Amino acid sequence: MSRVASPESSTSARRLLTSACVQARPRGMLLGARVTRRLQDTSQEHTAEQGRLSQEVNAREQSLEQMGLELAWARAELQQAWREGNSSQLELESLNSELWSIKGALGKMEKEMQEVQVKLNNSESMVAILRSCTAIDCCPAGWLLYRGKCLFVSSEKKTWEDSRDECEKKYSQLLVTKSWSRWTVPAFLKNADIPYWIGLQKSSYPWYDYGWLEEGDPDGEGFSDAWFWVDGSRYERLWQSKSNGSCAIISRGNIKPAQCAGPNDLHFWICEKAAGPSSPFMG
C-alpha cells in the first residue's frame, strides 16, 4: 500500500523550493548580464574591424585606380615614344639616302672637276708653248700648225701600215681626231674629196705590243669588232659589225672604214705631233 504524505511534509518541500528559486535568481541575472556585455563587446569589435577593413578596401581601390591611371599614362608615353622613334627611323633612313645621293653627286662632280682640271692644265701648257713660238717655228718645215698640233699631209699614197711607219720615222703618229668635233675639222679635210689614212684600225686589241694579251686569253675573248686609235684608246663610235674595211680614212670631214689588207689599198695619209719650239723631232 502507498504511503500518503502528510500536510506538513508538503509545506516543507514548498519552502525549500521557494528558497532555492530565490537564491538562483540573482545568479541567473548576473550570468545574463555578463553574456550581454560579451555580446556587446564582440559586436563593437566586429564593427570596428569591419570599418577598418572597409577603409583598407577603399584605400586599395584608390591605389588600384591610381595605378591604372599611371599605367595608361605610361602606355600613352610608350606609344608616343614608339611613334617618335619610328618617325626618327624613317627620317634617318631618308637622311642616309640623301647622304648617299649627295656623296654620289659629289664623287661625280669631283671626277668631272678632275677631268676639267686635266684639260685646263693641258690647255695652259699648250697656250704656254704656243706663246713661246710663232706659227713658223712651232712646227718643222712642211708641217701645218692646227689647234696645238703639227700636221703633215703626204703627197704620195701608201698602204695604212706603210703610212703608219712613215709617221713613226718622223717621230709622230697617224692623225688621231678623237678630240675634234664636226665644227673643228680643218677646212682642207672638210671640203676635199681626197681620202686620207688616219690612226684608226679595227683589231682585237690595240695595234702596238699587245700580242701577249692574246696568249694570256685562253677563251679567245676580246674585242673582235672593236676599233682602236694608234694611241691605244678605243674608238667610241659604234659601227656595224659588217663594216667594209679594217682601217679608217677621213674624207670631207667624216671618218669611214676602208679596206687596207691588200698592197693596192693605197691612200694619202696625215701625221700629227705636238707643237712646240723645243721639239727635237725632225720634219
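Trainee: Where is the place of Thr177?

Mentor: In this predicted model, Thr177 sits in the loop between β3 (173–174) and α3 (187–190).

Trainee: Why is Thr177 called buried?

Mentor: Its relative accessible area is 6%. Buried means under 20%, so Thr177 earns the word with its 6%.

Trainee: And which residues does Thr177 touch, leaving out those up to four places away in sequence?

Mentor: Thr177 touches Trp229, Ile250 and Ile255. Contact means heavy atoms within 4.5 Å.

Trainee: Let's turn to the cysteines. How many disulfides does a search of the whole structure find?

Mentor: The search finds 3 disulfides.

Trainee: What makes Cys139 and Cys150 a disulfide?

Mentor: Their S to S distance is 2.0 Å. The cut-off is within 2.5 Å, so the pair of Cys139 and Cys150 at 2.0 Å counts as a disulfide. The link is left-handed, with -85° about the S-S bond.

Trainee: Which parts does that pair tie together?

Mentor: Cys139 is in the loop between α1 (7–131) and β1 (144–146), while Cys150 belongs to strand β2 (residues 149–153), so the link ties parts that are 11 residues apart in sequence. Both cysteines, Cys139 and Cys150, are buried.

Trainee: How do you know that Cys167 and Cys271 are joined?

Mentor: Good one to check! Their sulfurs are 1.9 Å apart, and the limit is within 2.5 Å, so Cys167 and Cys271 pass as a disulfide. With -85° about the S-S bond, this link is left-handed. Cys167 lies in helix α2 (residues 160–169) and Cys271 in strand β8 (residues 268–274), so the pair connects parts 104 residues apart in sequence.

Trainee: Why does Cys167 count as buried?

Mentor: Cys167 has 0% relative accessibility, and buried means under 20%, so the label fits Cys167. Cys271 is buried too, with a relative accessible area of 0%.

Trainee: What makes Cys247 and Cys260 a disulfide, and is their link left-handed or right-handed?

Mentor: The sulfur atoms of Cys247 and Cys260 are 2.0 Å apart, within the 2.5 Å cut-off, so they form a disulfide. With 70° about the S-S bond, the link of Cys247 and Cys260 is right-handed. Cys247 is in strand β6 (residues 247–251) and Cys260 in the loop between β7 (254–258) and β8, so the tied parts are 13 residues apart in sequence.

Trainee: Why is Cys260 counted as buried at 17% relative accessibility?

Mentor: The cut-off is under 20%, so Cys260, at 17%, counts as buried. Its partner Cys247 is also buried, with a relative accessible area of 0%.

Conventions: Residues are numbered from 1 along each chain as its sequence is written. This is a predicted model: local features need pLDDT of at least 70, side-chain atom pairs count only at pLDDT 80 or more; totals for chains, interfaces and linings use all residues. Side-chain values use heavy atoms; hydrogens and water are left out. Helices (H or I, at least four residues) and strands (E, at least two) are DSSP runs, numbered from the N terminus. Buried means under 20% relative accessible area, exposed over 50%, partly exposed in between (1.4 Å probe, protein chains only).
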